[in-house]
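Q: Please take a close look at one part of this model, the place where two helices cross. Then walk me outward from there to the strands and loops around it in the sequence.

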Amino acid sequence: MTTGDSFDIAIIGSGSGNTILGKEYADKKVAIIDSGTFGGTCLNYGCIPSKMYVIPADFASSVGDAARVDVDLELAGADFRSIRDRIFGRIDPISRSGLAFRQGLDNTTVFTEEARFVDPHTLQVGSRQITADQIVLAAGSRPRVPNLFGIDDPRWSDRIHTSDTIMRIDELPERLVILGGGFIAAEFAHIFSALGSKVTIINRSGRMLRREDLDISRQFTEELAWRASLRMSEETVAIEEDAGGHLTVVTVDSYGVDYMYPGDIVLNATGRIPNSDRLNLPAAGVAVDDDGFVTVDQYQRSSVGHIWALGDICYPGFLKHVANAEARVVRHNLLHPDSLVAADHRFVPHAVFSSPQVAAVGATEQELRQSETRYVAFTQKYSDVAYGWAMEDDSHFVKLLGDPVTRTLLGAHIIGPQASTLIQTAIQTMTFGQRVDDVARGQYWIHPALPEVMENALLGLAGEMDTAGKEA
């Protein structure tokens with residue numbers, strides 16, 4: 001073991017943690033530590049490449065949409081390998097150039113081995129020890145591997161994947177079995193079914209996207225069932241290989257009945273866990289919660305004052321836009337210790353880039369009922385506005401929840417085309433505490449663009465608020 005240098009700042013993780021460093025740090029001695037691929041999960045394994053797969057999947061699945069408006073399209077096929085190579089032919093150079101840029105800075109040292117705490121200021125990085133005045137934990141998360149017989153069997157390790165690896169496979173599988181029913185399962189079900197795989201989803205819950213508003217979750221499950229075989233309320237118990245060398249996923253339902261599902265590839269999409277367990281945090285005195293997330297205050301400080309945290313390692317939503325926002329907070333607070341700013345997690349939105357798209361911000365109706373919060377609800381169908389009518393879209397909708405007294409939004413939930421874009425109006429409305437009436441009537445809405453579905457939803461919610469006020 002060798003003793004290394006002392007640094008002003010050490011950042012563990014090269015995803016959003018890397019964005020902390022700007023010209024303001026030119027006079028600081030900085031260490032960046034990442035034993036994985038430079039750039040982090042979003043760039044290399046997550047948001048960006050998966051959405052680059054979603055685009056061709058959207059094109060491939062547009063045949064049915066076109067038929068609704070009397071256009072006869074035919075999918076001749078998809079070149080999976082070419083899609084893959086185009087995607088990573090763009091992403092991989094970004095990762096390499098980002099690493100090369102940081103390595104070329106005089107004030108920055110990049111370590112490509114795993115870090116573990118020795119004490120609150122000391123890190124063991126490979127065979128070397130370094131110290132730092134300030135340390136930022138931005139080490140992210142990794143796919144959760146369930147306690148499942150056969151899932152880690154080396155004989156078929158090349159056929160069992162997570163979201164970290166499945167986008168790099170060479171060929172489109174004929175049969176794909178997906179374990180899980182959340183964001184990742186929903187998006188990859190869309191990608192692979194649209195491009196030509198026969199997809200089976202095994203989910204312990206009775207519906208997909210169970211954390212969404214119940215109306216959204218039910219509608220999404222119903223629509224996905226037309227494109228994939230959904231095996232709901234079944235527990236996966238094993239992954240085996242049959243006599244012909246094919247993988248088989250074994251499940252059991254609530255009545256104890258066993259089922260077997262063959263697949264060329266199995267995708268484990270059962271969730272993610274923070275990488276906090278790899279850092280030897282007890283040696284630094286850094287507290288974590290029962291699920292392993294680093295506990296932080298409003299300023300993103302851990303239980304140890306000079307150790308900060310951001311992103312997946314401390315926020316259970318696993319959202320890149322949250323990690324980026326927290327990185328901006330940490331960046332400011334490192335530079336301005338006497339004027340700290342707080343992170344704002346009041347209205348964190350999310351979107352699912354599947355087919356159909358789903359997006360939401362704020363509370364679900366079931367959460368409001370459980371907390372006995374007063375509310376009114378309004379649902380606006382896409383088909384009742386001009387653009388939705390033109391699309392012949394009779395399945396999708398916007399659901400808004402509001403406080404009838406303050407006339408503010410409590411939650412917004414969208415399922416349908418452009419949901420991830422349409423939700424921004426609701427995010428802004430909630431973030432700035434705007435009244436539903438002001439947003440609906442106080443601006444122009446372009447006719448006949450799809451945002452009119454949000455306009456009409458807001459107007460409808462305002463009407464429900466009026467009714468609730470008269471009845472109070």
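A: Helix 10 and helix 12 cross in a right-handed sense. This is a predicted model. Helix 10 covers residues 419–431, and its axis comes within 10 Å of the axis of helix 12. The two axes cross at roughly 40°. Angles under 35 degrees would count as roughly parallel, and those from 65 to 115 as roughly perpendicular. The crossing therefore makes helix 10 oblique to helix 12.

Which residues meet there? Helix 10 brings Leu422, Thr425 and Ala426. Helix 12 brings Val453, Met454 and Leu458. By class, this contact of helix 10 with helix 12 has five nonpolar residues and one polar residue. No charged residue takes part.

Now the loop that leads into helix 12. It runs between helix 11 (436–441) and helix 12 (452–471), and Pro448 sits in it. The peptide bond that joins His447 and Pro448 is cis, with omega at about 0°.

A cis bond also joins Ser355 and Pro356. Here omega is about 5°. Pro356 belongs to the loop between strand 18 (350–352) and strand 19 (358–362). These two strands form a hairpin, with five residues between them. Strand 18 and strand 19 run antiparallel, joined by three bridges. In one pairing, His350 has Ala360 of strand 19 as its bridge partner.

Strand 19 also pairs with strand 22. Five bridges join strand 19 to strand 22, and the two run antiparallel. Val361 stands opposite Ala412 of strand 22. Is strand 19 mostly covered or mostly open? It is mostly covered, with four of its five residues buried.

Next comes the loop before strand 22. Arg407 lies in this loop, between strand 21 (397–402) and strand 22 (409–415). Arg407 is not a glycine, yet its phi is positive, at about 60°. Is Arg407 buried or exposed? The cut-off for buried is under 20% relative accessible area. Arg407 has 12% relative accessibility, so it counts as buried.

Asp70 makes a useful comparison. Asp70 is not a glycine either, and it has a positive phi of about 65°. Its place is the loop between helix 3 (62–68) and helix 4 (80–103). Exposed means over 50%. Asp70 has 74% relative accessibility, so it counts as exposed.

Terms used:
Residues numbered from 1 in each chain as written. Predicted model: local features only at pLDDT ≥ 70, side-chain atom pairs only at ≥ 80, totals over all residues. Heavy atoms only, no water. Buried < 20%, exposed > 50% of the residue type's maximum accessible area, 1.4 Å probe, protein only. Axes fitted to C-alpha atoms, helices over the stretch in contact; angles between N-to-C directions. Parallel < 35°, antiparallel > 145°, perpendicular 65-115°, else oblique. Left-handed = near helix turned anticlockwise from the far one by under 90°. Contact = heavy atoms within 4.5 Å. Nonpolar A, V, L, I, M, F, W, Y, C, P; charged D, E, K, R; others polar. Pairing = 2+ DSSP bridges.
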